[in-house]
Amino acid sequence: MRPDTTTGATSGDPVVELRSVVVAFGGLLALGGVDLDVAQGERLAILGPNGAGKTTLFNVVAGDLVPTEGSVVLKGVDCTHLPSRHRPRLGVGRTYQKARSFPGLAVGDNLYLAVVGRHGRQRALLPRSGDHSWRDRAAAAAESVWLYDRLDTRVADLSHGQKRQLEIGMAIVTEPDVLLLDEPASGLSRGERERLTGLLDELAADSTLLLIEHDMDVAFKVARRIVVMSDGKIVASGTPEEIQANALVHEIYLGSEALT
Ligand SMILES: Nc1ncnc2c1ncn2[C@@H]1O[C@H](COP(=O)(O)OP(=O)(O)OP(=O)(O)O)[C@@H](O)[C@H]1O
Ligand SMILES: [Mg+2]
């Protein structure tokens, strides 16, 4: 991977290619023709006001939504119509804006179930040949997101910050080539956000990361390229420094959030 210092783009193989992607909900265009290339090893943050289409873009990449028009190519394979349950096997792991862990189960069990989700349910029901290594992977993921000492704790008993760490763990335990994180810092205290930023920085060192984040401190520290969306379109793309200096971006954020 060779970072291009002028645009923040990298020249690794493309892992995500969106071509003229349109998503219409009735008359509303949530995505109005989006083109986006993400290279292997990139660390990309997607910014934009509420309703800009950020989560919809993730839904299209993760297969939770089939676009109305356009195509989604992952690692060179056209996946436009491939259901989401097949995408972890293709190397896409994601978190959701709202938590999706099982609150009544322990941290370790949630991570284990995420591994099972990647390898297919049938195999999980067969004699337990894979069980040990999958448990080991669950434990390793817990360690990566700093929850190793909480493996037996019920999710309901975790702090908000720890729940977000767990969700990231549930995505990385599938060993994704592309990790999609939808507002991982939302609702966290300042201290928790700093901790999470450190965690993301560490994790992202050798994986491809797409991050939706309203918190500029987190986005600007973790990402090397920033894409700004507004009204279902990409309106700016560049390094954190370029985005901070971009007048249009300031206009979009004026009155909602200042770029600091
Ligand atoms: N399932 C749906 N049905 C109808 N409209 C939807 C649906 N999902 C999203 N939308 C609309 O599409 C637009 C884009 O929504 P999206 O959730 O992608 O925005 P976002 O950028 O993630 O916003 P936020 O920062 O608030 O999370 C919004 O106007 C939203 O109301
Ligand atoms: Mg969203």
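This section describes the ligand shell, an open sheet and two loop residues in a predicted model.

The surroundings of ligand 1 come first. Its shell is formed by Phe25, Leu28, Ala30, Gly48, Asn50, Gly51, Ala52, Gly53, Lys54, Thr55, Thr56 and Gln97. By class, seven of these residues are polar, four are nonpolar and one is charged. Two elements of secondary structure supply at least two shell residues each: strand S2 (28-39) and helix H1 (54-62). H1 gives the most, with three residues.

H1 also has a place against the sheet. The helix lies across strand S3 (43-47), S6, S7, strand S8 (208-212) and strand S9 (225-230). Its direction is at about 150° to S7. Thus H1 takes part in the ligand shell and lies across strands of the sheet.

The sheet itself is open and has six strands. Their order is S6-S7-S8-S3-S9-S10, and the pairing is mixed. Strand S6 (92-94) and strand S10 (233-238) form the edges, each pairing on one side only. From one strand to the next, the twist averages 20°. At the S6 edge, S6 pairs with S7 in the parallel sense, over three bridges. Within this pairing, Arg94 has Leu180 of S7 as its bridge partner.

Backbone geometry singles out two glutamates. Most residues other than glycine have a negative phi. Glu175 has a positive phi, near 50°. This residue sits in the loop between helix H6 (160-172) and strand S7 (178-182). Glu175 counts as partly exposed because 15 C-beta neighbours lie inside 10 Å, and a residue needs 20 or more to be buried.

Glu183 is the other case. Its phi is also positive, at about 50°, although the residue is not a glycine. Glu183 lies in the loop between S7 and helix H7 (190-204). Glu183 has 20 C-beta neighbours inside 10 Å and therefore counts as buried. The two glutamates thus flank S7 in the chain, Glu175 in the loop that runs from H6 to S7 and Glu183 in the loop between S7 and H7. Their burial classes are partly exposed for Glu175 and buried for Glu183.

Notes:
Residues are numbered from 1 along each chain as its sequence is written. Chains are lettered from A and ligands numbered from 1 in the order in which they are written. This is a predicted model: local features need pLDDT of at least 70, side-chain atom pairs count only at pLDDT 80 or more; totals for chains, interfaces and linings use all residues. A residue is near a molecule or strand if its C-beta atom, placed from the backbone, lies within 6 Å of it. Helices (H or I, at least four residues) and strands (E, at least two) are DSSP runs, numbered from the N terminus. Ala, Val, Leu, Ile, Met, Phe, Trp, Tyr, Cys and Pro count as nonpolar, Asp, Glu, Lys and Arg as charged, and the others, Gly among them, as polar. A residue is buried if 20 or more other C-beta atoms lie within 10 Å of its own, exposed if 12 or fewer, and partly exposed in between; C-beta atoms are placed from the backbone. Two strands pair if DSSP finds at least two bridges between them. Axes are lines fitted to C-alpha atoms, for helices over the stretch in contact, and angles run from 0 to 180 degrees between N-to-C directions. Two residues are in contact if their C-beta atoms, placed from the backbone, lie within 7 Å.
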